[in-house]
Amino acid sequence: MFVELNNLLNTTPDRAEQGKLTLLCDAKTDGSFLVHHFLSFYLKANCKVCFVALFQSFSHYNIVGQKLGVNLTVARERGQLVFLEGLKSAVDVFFQTQEEPHPLQFLREANAGNLKPLFEFVREALKPVDGGEARWTYPVLLVDDLSVLLSLGMGAVAVLDFIHYCRATVCWELKGNMVILVHDSGDVEDEENDILLNGVSHQSHLILRAEGLATGFCRDVHGQLRILWRRPSQPTAQRDQSLTYQYKIQDKSVSFFAKGMSPAVL
Amino acid sequence: MAAVATCGSGAGSPGSAVATASKSNVTSFQRRGPRASGTNDSGPRLVSIAGTRPSVRNGQLLVSTGLPALDQLLGGGLAIGTVLLIEEDKYNIYSPLLFKCFLAEGIVNGHTLLVASAKEDPANILQELPAPLLDDNSKKEFDEDVYNHKTPESNIKMKIAWRYQLLPKMEQIGPVSSRFGHYYDASKRIPQELIEASNWHGFFLPEKISSTLKVEPWSLTPGYIKLLQFIQNIIYEEGFDGSNPQKKQRNVLRIGIQNLGSPLWGDDICCAENGSNSHSLTKFLYVLRGLLRTSLSACIITMPTHLIQNKAIIARVTNLSDIVIGLESFIGSERETNPLYKDYHGLIHIRQIPRLNNLICDESDVKDLAFKLKRKLFTIEWVQDNYLRQERNIYPPGFSYLLKQKDSAWGEGSLQHSTFLMSFLAKATAFASRLVRHSEPLKQTGSGRIHQAAGPRLWHDGRRQEAPGLLGIPL
């Protein structure tokens, strides 16, 4: 959890809003530091987190999480974190026939099906446990990242359906939050990705967009972060608020500064 | 499945200290120290495998790519469990050399190899591997003309390659060396006995695909399915993922896949823009990366991306790989005659470096890199180094120079231009120049202006006329 980013977003783990969909988007740079931020943020806020990690392995998130102050292994054992490791599950699905439906079942199918098994998995993971004890504040779904599903053969519409179902369940029914990472392909014309990105950004309440600098690689400024608050349910009577910052990623934190105010330049 | 072509009964890694861990759990990312940080909880003991070393940044286990210059640009080497994707150059001349250096490094270190190709028989590929340079001569810099065959005295102080004086002298115990990263001689073949002593598996697509059994209708081309099953089989059988209770393996598997995505693999992304199997390659890469992450293996893939019709697929493939390097050779392009690229054979672009177990990655600051295959060695250099070298030869420092600007390959404001200027500023001596060469006033031929000296610019007939270097102020 990056304290500076919390200040910019005006939230803390104690008083975060509920029922919100946050979209993380990266163009020409790597936006995975935002995923690590939100993962540690919601674990510290004592939420029940379902993490669909399609991009990297569990140990990667664990090691970075330890730098940010959360222990994923302990969280998983306690039941606070439900972790779907995409890479490992894909190997299981591919090489061994599964009896019960597996969340990544679509890998075995020739035609692009739908993501219903994945949705069932998420719903099962986040449903409130009967018994009365409310250990966790609210459920959170974290997806890293959605563009991988397109690469694995799903159509953009199927992925949008999945997001819609998840939003109805997690955000509206269970009053939880969702955080999704989508890559922006930029000038490479990836139509499916553009459809997906537009569709999700239309539904989201908060968009964090990490972009590489227009002038290329810089050692002191790694990129630019655009924050956009939206109100998708209400008609746009008020203007959406937008802020832009530049950032530099360090070993255990990320420092943010206004454009052109990098400490290296001043 | 048809019989796997294995060769040799070579043992794992003779000659180096290999501490066998008691637990059979194997992780891709291991660290020094008592904290367990792998995918499964591994023992606190440090496992030392020949030809690997932990990364300085995050303790990750690295193997050499076979080119020490490339290792340096990648932050020390290729991490175990990752995929190195090489985008082939247009005529596929230099990418096979990188591929073979990777495999040769595996043989020299005693790693197990898995070579997959749809074009050539893996046995032939192994015969053509370059020979390693295993004596002390390999440490000298070759482009300084110091190459000789005599064994140098170890107490002669090296003047040029003084950094290498600090490296430990290596013992020559047979084919296996304990050094990380070797130099290879591209004109010689690897000795036959090294190949025979090594443990390798080959996958030649025409052999495997002919024995087609029932293939499930997954949306992957049959060639890819077979290759994945083959790789998974080897990993399981030889115990690289620690799941086989009989086999306790403490060696690295190097996988090399040649020309992936080309039509020879049965994939049509190079032929049609919206083929029937456009997700085949990306699915393959995903499952392959899943296999690698849970085993002690590293993979090199060469891919003819310049043939892929749909650019979106290239972007997806890049996202799904860990390290992506592009080779661009100058053959047939107009850059062949550019004086900036004299002596070089092509450019090497490092397109992507992964962030593994970390928020940051080891991105090198140098972006203009070129390679050359000179005197049997493949070297990678910063382009500006060559340029500065040329300039220092022509214009020795200590003099002040006037430059007549002709139509040259530089334009004003270009990087070459400013580097040239800076090379002079850097070497300008404090006391005045010993020789000043004057020339007649310049007529502006181009829009560039290199040297602004004392002396005002004159406007004459509406045209700018400059007389830099002259102290008088004519009017």
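## Salt bridges in a predicted model

B:D185 and B:K188 form a salt bridge, with 3.2 Å between the closest N and O atoms. The model is predicted. The exercises start from this pair.

**Exercise 1.** Decide for each partner, B:D185 and B:K188: buried or partly exposed?

*Solution.*
- Step 1. Use the cut-offs: buried means under 20% relative accessible area, and exposed means over 50%.
- Step 2. B:D185 has 3% relative accessibility, so this residue is buried.
- Step 3. B:K188 has 41%, so the lysine is partly exposed.
- Step 4. Put the pair together: the bridge joins buried B:D185 to partly exposed B:K188.

**Exercise 2.** Find which residue meets B:R289 in a salt bridge, and work out which parts of chain B the pair ties together.

*Solution.*
- Step 1. The partner is B:D322, at 3.2 Å from N to O.
- Step 2. Place both residues. B:R289 sits in helix α7, residues 280-293, while B:D322 belongs to the loop between α8 (311-320) and β12 (323-329).
- Step 3. The bridge therefore ties together parts of chain B that are 33 residues apart in sequence.
- Step 4. Check burial. B:R289 has 1% relative accessibility and is buried. B:D322 has 2% and is buried.

**Exercise 3.** Explain how A:E120 and A:K116 are placed along their helix, and give the N to O distance of their salt bridge.

*Solution.*
- Step 1. The closest N and O atoms of A:E120 and A:K116 are 3.9 Å apart.
- Step 2. Apply the cut-off: a salt bridge needs nitrogen and oxygen within 4 Å, so this pair counts.
- Step 3. Both residues lie in helix α6 of chain A, residues 116-126.
- Step 4. They are four residues apart, so about one helical turn separates them.
- Step 5. A:E120 has a relative accessible area of 31%, so the glutamate is partly exposed.

**Exercise 4.** Name the residues that A:D184 is linked with in a network of salt bridges. Then state how many salt bridges a search of the whole structure finds.

*Solution.*
- Step 1. The network links A:D184 with A:R209, A:E211 and A:R226.
- Step 2. Over all chains, the search finds 15 salt bridges.

**Exercise 5.** Describe chain B by its helices and strands, burial, contacts and surface.

*Solution.*
- Step 1. Chain B has ten helices and 18 strands.
- Step 2. Of its 475 residues, 49% are buried.
- Step 3. Take contacts in chain B between residues at least 6 apart in sequence: 70% of them join residues at least 24 apart.
- Step 4. The accessible surface of chain B is about 22,600 Å², and carbon and sulfur atoms account for 53% of that area.

Methods:
Residues are numbered from 1 along each chain as its sequence is written. Chains are lettered from A and ligands numbered from 1 in the order in which they are written. This is a predicted model: local features need pLDDT of at least 70, side-chain atom pairs count only at pLDDT 80 or more; totals for chains, interfaces and linings use all residues. Side-chain values use heavy atoms; hydrogens and water are left out. A salt bridge is a side-chain nitrogen of Lys or Arg within 4 Å of a carboxyl oxygen of Asp or Glu. Helices (H or I, at least four residues) and strands (E, at least two) are DSSP runs, numbered from the N terminus. Buried means under 20% relative accessible area, exposed over 50%, partly exposed in between (1.4 Å probe, protein chains only). Contact means heavy atoms within 4.5 Å. Accessible areas come from the Shrake-Rupley method with a 1.4 Å probe; for residues, only the protein chains shown count as cover.
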